[in-house]
Amino acid sequence: MKLPCCVPCLRLVLGLVVMGATLGFSGGGGAWAAKGGEPLAERIRVSSFSSILTEIAQRVGEGVVVVSGHVPPGVDPHEFEPNPGVLRTVASADLVLLSAKHMEGYVGKLKESAGGKARVVEVGGQLPSLWMRDGTQTMGRDAFEDPHWWHSVPNVQRAVKVVREQFVALQPQSAGFFLENSNRYLSELEDLQRWVRGRVAELPRNQRKLVTSHDALQYFAKEYGFSVYAVEGLTPSEQPSSRKVAALLDVIRAQRVKAVFAQDTVNPKVLREMTSETGAVLGGRLWVDGLGTGDAATYAGMIRSNVNAIVEALK
Ligand SMILES: [Zn+2]
């Protein structure tokens with residue numbers, strides 16, 4: 001199932017669409033456990049359909065797992081469809097990690113390919129949910145469950161524990177190793193959460209207003225005390241109605257919003273109109289659909305890049 005919101009947010013991610021690409025990542029460290037140098041029975045083969053979960057699996061399972069990240073940075077997770085090569089990798093996997101919350105409309109195909117052999121784990125399904133909004137109306141639960149759960153650091157900490165449990169179930173003899181890896185990662189995430197809270201605290205509460213083209217930052221907004229004002233339909237094929245644009249302009253003026261954040265670099269006309277008519281500026285790039293590139297190529301880097309862009313623009 002494809003969510004309409006997410007066509008725009010993808011274009012932000014450098015416009016790189018490498019459909020069907022599969023990048024292999026090795027957990028590194030060899031097939032020997034770090035502690036004591038005991039050889040491990042066999043590496044756990046993981047197929048990940050989220051760049052965030054790929055990082056989590058690599059960090060928690062470092063040295064013990066081999067992770068195939070099928071949706072690398074630059075690939076739209078909403079538009080992604082597994083090709084036969086990806087399905088073959090899934091068929092030989094021990095564990096399949098999914099973002100869930102309706103992100104992967106092809107989950108049935110994956111389960112079929114896994115043939116009951118691999119564990120297919122819908123990680124996002126074990127995390128709290130928010131729902132997409134249309135204007136001020138909360139939409140129905142199922143189709144509009146907001147899939148962008150990783151924009152709240154505590155959600156990623158929860159996801160780390162979900163992945164660790166799966167690794168332990170698959171290879172109980174390495175439980176201590178997974179615990180050590182995940183504790184190190186969780187403590188880095190704790191530092192990150194503290195950093196985000198400190199950085200956001202530089203913005204007075206009444207300046208924490210995110211005007212974006214869609215609701216991809218609801219989890220971020222809820223966790224860090226922002227309000228989101230989203231206009232849907234900012235795509236070349238689907239122009240926003242003049243009523244929607246007018247309503248957004250009213251919000252920007254009335255709330256004295258200093259910047260708007262584009263997730264669609266393809267349609268600058270409407271954004272230019274929004275900024276030129278209100279005096280708001282176009283804020284920096286936000287990575288909304290997964291990991292980015294350069295400094296944003298890690299989860300912590302992506303969050304820091306987004307938070308810095310938001311705080312700098314709204315100050
Ligand atoms: Zn999205």
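This is a short tour of a predicted model, with a suggestion at each stop of what to select and what you will find there.

**The whole chain**

Start with everything shown as a cartoon. The protein has 10 helices and 11 strands. Of its 315 residues, 46% are buried. If you take the contacts between residues at least 6 apart in sequence, 66% of them join residues at least 24 apart.

**Stop 1: helix 2**

Select residues 51-60, which form helix 2. How many of the 10 residues here are buried? The count is 10 of the 10, so helix 2 is largely enclosed by the rest of the structure. The buried set includes residues such as Glu55, Gln58 and Arg59, along with Ile52, Leu53 and Ile56.

Now pick out Thr54, which sits in helix 2. Thr54 has 26 C-beta neighbours inside 10 Å and therefore counts as buried. Draw a distance from its C-alpha atom to that of Leu98: the two residues are 44 apart along the chain, and the separation is 9.8 Å.

**Stop 2: helix 2 against helix 5**

Keep helix 2 on screen and add residues 153-170, which are helix 5. A pair of packed helices is described by the angle between the axes and the distance between them. Here the axes come within 10 Å and cross at roughly 55°. That crossing angle makes helix 2 oblique to helix 5, and the crossing is right-handed.

To see the contact itself, show side chains for these residues:

- from helix 2: Ile52, Leu53, Ile56, Ala57 and Val60
- from helix 5: Val156, Ala159, Val160, Val163, Arg164 and Phe167

Colour them by class and you get 10 nonpolar residues, no polar ones and 1 charged.

**Stop 3: a loop residue before strand 2**

Next, select Glu42, in the loop between strand 1 (23-26) and strand 2 (44-48). Is Glu42 buried or exposed? With 11 other C-beta atoms within 10 Å, Glu42 is exposed. Add Val65 to the view: Glu42 and Val65 are 23 residues apart in sequence, and their C-alpha atoms are 8.6 Å apart in space.

**Stop 4: helix 4 and its buried face**

Move on to residues 107-114, helix 4, where Leu110, Ser113 and Ala114 are buried. Turn the view to look down the axis of helix 4: these buried residues fall within an arc of 100°, so they line one face of the helix. An α-helix has 3.6 residues a turn, so residues three or four places apart point the same way.

What do the buried residues of helix 4 pack against? Select helix 3 (84-91), strand 4 (95-98) and strand 5 (119-122) to see their partners. Before leaving, click on Gly115, just after helix 4, where phi is positive at about 60°.

**Stop 5: helix 3 against helix 4**

Show helix 3 and helix 4 together. Their axes come within 7 Å and cross at roughly 50°. This angle makes helix 3 oblique to helix 4, and helix 3 passes helix 4 in a right-handed crossing. On the helix 3 side, the contact is made by Leu87, Val90 and Ala91. On the helix 4 side, Lys109, Leu110, Ser113 and Ala114 take part. By class, the residues of this contact are 5 nonpolar, 1 polar and 1 charged.

One more residue to find here is Pro84, which lies in helix 3. Pro84 has 9 C-beta neighbours inside 10 Å and so counts as exposed. Its C-alpha atom is 9.7 Å from that of Ser113, a residue 29 places away along the chain.

**Stop 6: two loop residues with positive phi**

Most residues other than glycine have a negative phi. Two residues make a good pair to look at with that in mind.

Select Lys101, in the loop between strand 4 and helix 4. Its phi is near 50°, a positive value in a residue other than glycine. Lys101 has 20 C-beta neighbours inside 10 Å, so it counts as buried.

Then go to Arg256, in the loop between helix 8 (242-254) and strand 10 (259-261). Arg256 is not a glycine, yet it has a positive phi of about 50°. Whereas Lys101 is buried, Arg256 is exposed, with 12 other C-beta atoms within 10 Å.

Terms used. Residues numbered from 1 in each chain as written. Predicted model: local features only at pLDDT ≥ 70, side-chain atom pairs only at ≥ 80, totals over all residues. Helix = DSSP H or I, 4+ residues; strand = E, 2+ residues; numbered from the N terminus. Arc of directions from axis to C-beta. Contact = placed C-beta atoms within 7 Å. Axes fitted to C-alpha atoms, helices over the stretch in contact; angles between N-to-C directions. Parallel < 35°, antiparallel > 145°, perpendicular 65-115°, else oblique. Left-handed = near helix turned anticlockwise from the far one by under 90°. Nonpolar A, V, L, I, M, F, W, Y, C, P; charged D, E, K, R; others polar.
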